[in-house]
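Okay, thanks for squeezing me in. I'll put the sequence and the structure up, and then we can walk through them together.

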Amino acid sequence: MPETVVLKLCRSCNEKKQRSEYTPYKRAADGLYYDCKKCERERNRKRFRVNRTYKPSPTRVKTDLDRMKDRANDAVRFAIRSGKLKRPKKCERCLVDCIPQGHHHKGYQPKYKLDVIWLCRPCHSFIHRKD
Ligand SMILES: [Zn+2]
Ligand SMILES: [Zn+2]
Ligand SMILES: [Zn+2]
């Protein structure tokens, strides 16, 4: 049986790949690691990243999106203070009386920075969990 045509199913990505795509692993029944080299690499990278975040005082690197988000939220805060935006007294989604938070429903791009809908804290986190 020619070895090259035998494809092995990767347990991680569920793709059938050539045996050469797997690391030899003596303890496995077929002598190969259970997921492909690519997934193995991916997993090692993730583990490395997780370990790094458990260091004391991790400094989270801000992405461009984070910065844009901060700017958009600052703009809303500033607009409320200066009277440019009026914060309603209830959530637009569930209508509960509260001090709602501005949610950037169109995204955080500068052109939408004041385009917010007002949501109570539970509604706001619910909406963010969805996407
Ligand atoms: Zn894989
Ligand atoms: Zn609500
Ligand atoms: Zn939001």
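I'll go from the overall layout to one helix, then the core, and finish with a few backbone oddities.

Keep in mind that what you're looking at is a predicted model. The protein has 3 helices and 4 strands, and going along the sequence they come in the order β-β-α-α-β-β-α. Of the 131 residues, 13% are buried. If you take contacts with a separation of 6 or more, 36% of them join residues 24 or more positions apart.

Now the helix I want to talk about, α2. With 18 residues, α2 covers 26 Å from its first C-alpha to its last, close to the 26 Å you'd expect at 1.5 Å a residue. Which residues of α2 are buried? Those are Ala72, Ala75 and Val76. They sit on the same side of α2, because the arc they cover around the axis is only 100°. That buried set packs against β3. Flip to the face turned away from the buried side and you get exposed residues: Asp66, Arg67, Asp70, Asp74, Arg77 and Arg81. And just past the end of α2, Gly83 has a positive phi of about 85°.

On to the core. In soluble globular proteins, nonpolar side chains tend to end up buried together. Here the largest nonpolar core has 9 residues, namely Ala72, Ala75, Val76, Cys91, Val116, Trp118, Leu119, Cys120 and Cys123. Two elements, α2 (64-81) and β4 (117-119), give two or more residues to this core, and α2 gives the most, with 3. Look at Cys123 for a second: beyond its neighbours within four places in sequence, Cys123 is in contact with Cys91, Arg93 and Cys94.

Last bit, the backbone. Most residues other than glycine have a negative phi, so let me show you two that don't. Asn14 isn't a glycine, yet its phi is positive, about 60°. You'll find Asn14 in the loop between β1 (7-9) and β2 (16-18). Is Asn14 buried or exposed? Exposed, because Asn14 has 9 C-beta neighbours inside 10 Å, and the cut-off for exposed is 12 or fewer.

The other one is Leu95, with a positive phi near 65°. Leu95 lies in the loop between α2 and β3 (101-103). Leu95 counts as exposed too, because it has 11 C-beta neighbours inside 10 Å.

That's my tour, happy to spin the model around for anyone.

Notes. Residues are numbered from 1 along each chain as its sequence is written. Chains are lettered from A and ligands numbered from 1 in the order in which they are written. This is a predicted model: local features need pLDDT of at least 70, side-chain atom pairs count only at pLDDT 80 or more; totals for chains, interfaces and linings use all residues. A residue is buried if 20 or more other C-beta atoms lie within 10 Å of its own, exposed if 12 or fewer, and partly exposed in between; C-beta atoms are placed from the backbone. Two residues are in contact if their C-beta atoms, placed from the backbone, lie within 7 Å. A nonpolar core is a set of buried Ala, Val, Leu, Ile, Met, Phe, Trp, Tyr and Cys residues joined through C-beta atoms within 7 Å. The expected span of a helix is 1.5 Å times one less than its number of residues. The arc is that of the directions from the helix axis to the C-beta atoms.
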